[in-house]
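Visitor: I am new to this structure and would like to understand the terms used to describe it. Please show it to me, and then let me ask how each description is justified.

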Amino acid sequence: MLLKVDKIKVFYDKALILKEVSLEAGHGEIIALIGPNGAGKTTTLKTIAGLLKTSSGAIYLENKRIDHEPPYVRASMGIILVPEGRGLFPKMSVEENLEMGAFLRKDVDEIRKDMEFVYSLFPVLRERRRQLAGTLSGGEQQMLAIAKGLMARPRILMLDEPSLGLAPKIVDHLIDAISQINREKKITILIAEQNVYAALSISERAYVLENGSIVMSGSSLELLENPVIKRSYLGL
Ligand SMILES: Nc1ncnc2c1ncn2[C@@H]1O[C@H](COP(=O)(O)OP(=O)(O)OP(=O)(O)O)[C@@H](O)[C@H]1O
Ligand SMILES: [Mg+2]
C-alpha cells in the first residue's frame, strides 16, 4: 500500500470530528472520498497532509509512519494537497504560481518538463501564463491549483472538491484531466467530492464518510449500483 490511514481520531478543540477513520490507497489508484457537508472529508485530507493532528491512530506512507512529520516533510515525500479554495497566490501570475508549486525541488530541467506537461494538460494556462491568478475564472483557477500541485511531483495528489462551484462542462474537462494525470504520470489520486457521480465515475474505489466515520467502502462501480448510494447521493 502506498498510503494507509489506520483508525485516526481527530478533534477540533473538544469536538471529535474523525472517529477512527481508516482508508488505503494503492500505487496508481484513484480513490474517492464522498459524503455530505460536514462529514469530515476536508478534515481527513488535511490530517493526511499534516495540517491537523491525530489524537490516536496512525498514517503510513509505504509502511513508514508519517503522522508525526510536519506538513513540509510530508510534501517533500510526495503527499500534496490541493485545498478547497485552491490555495493559489492571487497576486502572482499563473507561471509564478506554478514555480511556487515546485519550490521544494532543485531539479531545474525536470521542473521545466513538468511545466511543459501541465501546460499541455491545460493549454489555457499557457495562454494566460502572465495573468494574475486572482483574475482567472473559477475553472481556470481550479486547473491552476491542480497544475501547481503537480509541480511538486506528488506521489499522492489529494484534491479537495475540485468540482465545487463549476459548470458541468468544466467539471467534465477537469475529470478528464485528472484521469489523464493518473494514467500518464502514475500518480495516486485521493479525491474528496460532493459530486458523487463524478467522483465514482473516475475512481476505482471509494469510501463513504458520514459524521466522521467510514460507513461504506468498495469498488466505485459497485457503489454506483448500490441502492443506498443511488437514493442518498445520486438522487435516483
Ligand atoms: N476549524 C474548525 N473548527 C471547528 N470545527 C471545525 C473546523 N473545521 C471543520 N469543523 C467541523 O468539522 C466537521 C467536519 O468538517 P469538514 O470540513 O471536514 O467536512 P467536509 O466533509 O469537508 O464538508 P464539506 O463537504 O462541506 O466540505 C464539521 O462538523 C465542521 O463543522
Ligand atoms: Mg470539505
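Visitor: Which residues are the closest to ligand 1, and how many surround it?

Guide: Please keep in mind that this is a predicted model. In the model, 13 residues surround ligand 1, and the closest are N37, K41, T42, T43 and Q194. A residue is counted here if one of its heavy atoms lies within 4 Å of the ligand.

Visitor: What makes the pair formed by T43 and ligand 1 a polar contact?

Guide: The cut-off for such a pair of N or O atoms is 3.5 Å. An N or O atom in the side chain of T43 is 2.5 Å from an oxygen atom of ligand 1, and the pair is therefore a polar contact, being within 3.5 Å. The side chain of E161 also qualifies, with an N or O atom 3.2 Å from an oxygen atom of the ligand. For A39 a backbone N or O atom takes part, and it lies 3.2 Å from an oxygen atom of ligand 1. The protein covers 61% of the 640 Å² of accessible area that ligand 1 has on its own.

Visitor: Which helix gives the largest share of the shell around ligand 1, and what classes of residue make up that shell?

Guide: Helix α1, residues 41-49, supplies the largest share, with 3 residues. By class, the shell has 4 nonpolar, 6 polar and 3 charged residues.

Visitor: Why is helix α1 called mostly covered?

Guide: A residue is buried when its relative accessible area is under 20%. In α1, 7 of the 9 residues are buried, and the helix is therefore described as mostly covered. The buried residues are K41, T43, T44, L45, T47, I48 and A49. After α1 comes G50, whose phi is positive, near 95°.

Visitor: How do you know that G149 is buried?

Guide: The relative accessible area of G149 is 6%. The limit for a buried residue is under 20%, so G149 is buried. This residue is found in helix α6, residues 138-150. The C-alpha atoms of G149 and P83 are separated by 9.7 Å, and the two residues are 66 residues apart along the chain.

Visitor: What makes it correct to say that both faces of strand β7 are covered?

Guide: On one side of β7 are I156, M158 and D160, on the other L157 and L159, and all are buried. Strand β7 spans residues 156-160, and 5 of its 5 residues are buried. Strand β6 is described likewise: I79 and L81 on one side and I80 and V82 on the other are all buried.

Visitor: How do you know that β6 and β7 are paired strands?

Guide: Two strands pair if at least two bridges are found between them. Strand β6, residues 79-82, is joined to β7 by 4 bridges, so the requirement of at least two is met. These strands run parallel. The bridge partner of I79 in β7 is I156, and L81 stands opposite M158.

Visitor: What joins β7 to β8, and what kind of unit do they make with helix α7?

Guide: Strand β8, residues 188-193, runs parallel to β7 and is joined to it by 5 bridges. Here I156 stands opposite T188. With helix α7, residues 168-185, the two strands make a right-handed β-α-β unit.

Visitor: Why are β2 and β5 said to stand at the edges of their sheet?

Guide: The sheet is open, with 4 strands in the order β2-β1-β4-β5 and antiparallel pairing. Strands β2 (15-25) and β5 (64-65) each have a single partner strand, so one side of each is left without a neighbour in the sheet.

Visitor: How many bridges hold each pair in that order?

Guide: Strand β1, residues 3-12, pairs with β2 over 7 bridges, and the bridge partner of K4 in β2 is E24. These two strands form a hairpin with 2 residues between them, and D13 in the turn has a positive phi of about 50°. Between β1 and β4 there are 5 bridges, and K9 stands opposite S56. Strand β4, residues 56-61, pairs with β5 over 2 bridges; the requirement is at least two, so this also counts as a pair. In this last pair, L61 stands opposite K64.

Key
Residues numbered from 1 in each chain as written. Chains lettered and ligands numbered in written order. Predicted model: local features only at pLDDT ≥ 70, side-chain atom pairs only at ≥ 80, totals over all residues. Heavy atoms only, no water. Buried < 20%, exposed > 50% of the residue type's maximum accessible area, 1.4 Å probe, protein only. Right-handed = clockwise from strand over helix to strand, strands pointing away. Polar contact = N/O pair within 3.5 Å; in protein donor to acceptor, adjacent residues only side chain to side chain. Areas by Shrake-Rupley, 256 points an atom, 1.4 Å probe, with all protein chains shown as cover. Nonpolar A, V, L, I, M, F, W, Y, C, P; charged D, E, K, R; others polar.
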